[in-house]
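Please follow the model below from its largest pocket to the helices around it, and then along the chain to a further helix.

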Amino acid sequence: MSRSRRGPTVISVPVHRNQSGIGCCCCCRCCSCIHLEFLKTGSGKLKLAEVITGFFCQGLALQYGSSYSSTMGLSFQSFVNNVTWCFLTTFLLLICYIFSPKSINLVKSSLFEVLFNVLAALTYLSTCSYLGYVVNMVLEPVFMITPHYQVYPAMSAAYMAGSVLGLIYAYDAYKSYRYFRGFRY
């Protein structure tokens with residue numbers, strides 16, 4: 001009987017590095033309850049763009065348009081209301097996704113995010129078109145004759161950024177619908 005000699009058995013143990021949290025140095029991480037990997041995904045980038053652009057629109061509207069809200073009337077009020085509820089809901093979704101990776105699949109696989117994004121896209125596009133009409137009909141003539149009149153350019157930027165944001169929400173609605181139907185991205 002001949003015995004065959006085998007070499008040493010090498011066992012490799014896969015190392016699963018926890019990428020949650022914020023890297024403090026090369027070997028440790030802190031705040032492991034935060035999952036910033038979501039911001040690197042397509043959905044995370046869309047949510048971040050929605051939050052930043054919504055904050056920009058709300059800041060412009062409140063900074064420059066609030067003292068002229070009676071001049072712009074219902075268009076300004078509907079724009080500010082729309083920006084506020086969309087910004088708040090998107091911000092809360094982003095916080096949920098960052099602090100709870102389980103909520104990403106739970107919320108995205110439900111109909112909530114699809115309906116929210118569709119409704120946000122439609123309301124942004126409608127309120128921005130209404131605000132754009134009022135800004136160009138009411139504020140532009142005042143801008144032509146008044147030096148240093150900052151309301152017209154600021155509100156023009158607000159409704160233009162809001163229109164772009166409406167398109168971003170429409171794209172997010174499409175991606176959310178595909179995720180809801182089972183096409184993961």
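Helices here are DSSP runs of H or I with at least four residues, numbered from the N terminus. The model is a predicted one, and with that in mind the largest pocket, whose volume is about 160 Å³, makes a convenient place to begin. Its lining is made up of 12 residues, and those closest to its centre are F38, T41, S43, I104 and K108. Two helices, α1 (42-65) and α4 (101-108), each contribute at least two residues to this lining, with α4 giving the largest share, namely three residues. Sorted by class, the lining of the largest pocket comprises six nonpolar, four polar and two charged residues.

From the pocket, the path leads through α4 to its contact with another helix. The axes of α3 (residues 74-99) and α4 approach to within 5 Å and cross at roughly 130°. Since angles of 65 to 115 degrees count as roughly perpendicular and those over 145 as roughly antiparallel, α3 and α4 are therefore oblique to each other. On the α3 side the contact is formed by L93, C96, Y97 and F99, which meet P101, S103, I104, V107 and K108 of α4. The residues of this contact divide into seven nonpolar, one polar and one charged. I104 and K108 thus appear in both settings, being listed in the contact with α3 and among the residues closest to the centre of the largest pocket.

Further along the chain lies α6 (residues 151-180), whose length can be checked against its residue count. At 1.5 Å a residue, its 30 residues should span 44 Å, and because the end C-alpha atoms are 41 Å apart, the two values agree. After α6 comes G182, which has a positive phi, near 110°.

Conventions: Residues numbered from 1 in each chain as written. Predicted model: local features only at pLDDT ≥ 70, side-chain atom pairs only at ≥ 80, totals over all residues. Heavy atoms only, no water. 1 Å grid on protein atoms, 1.4 Å probe; cavity = no way out; pocket = protein on both sides within 12 Å on 5 of 7 lines; lining within 4 Å. Points joined across faces, edges and corners; volume = space filled by probe spheres on them. Nonpolar A, V, L, I, M, F, W, Y, C, P; charged D, E, K, R; others polar. Axes fitted to C-alpha atoms, helices over the stretch in contact; angles between N-to-C directions. Parallel < 35°, antiparallel > 145°, perpendicular 65-115°, else oblique. Contact = heavy atoms within 4.5 Å. Expected span 1.5 Å × (residues − 1).
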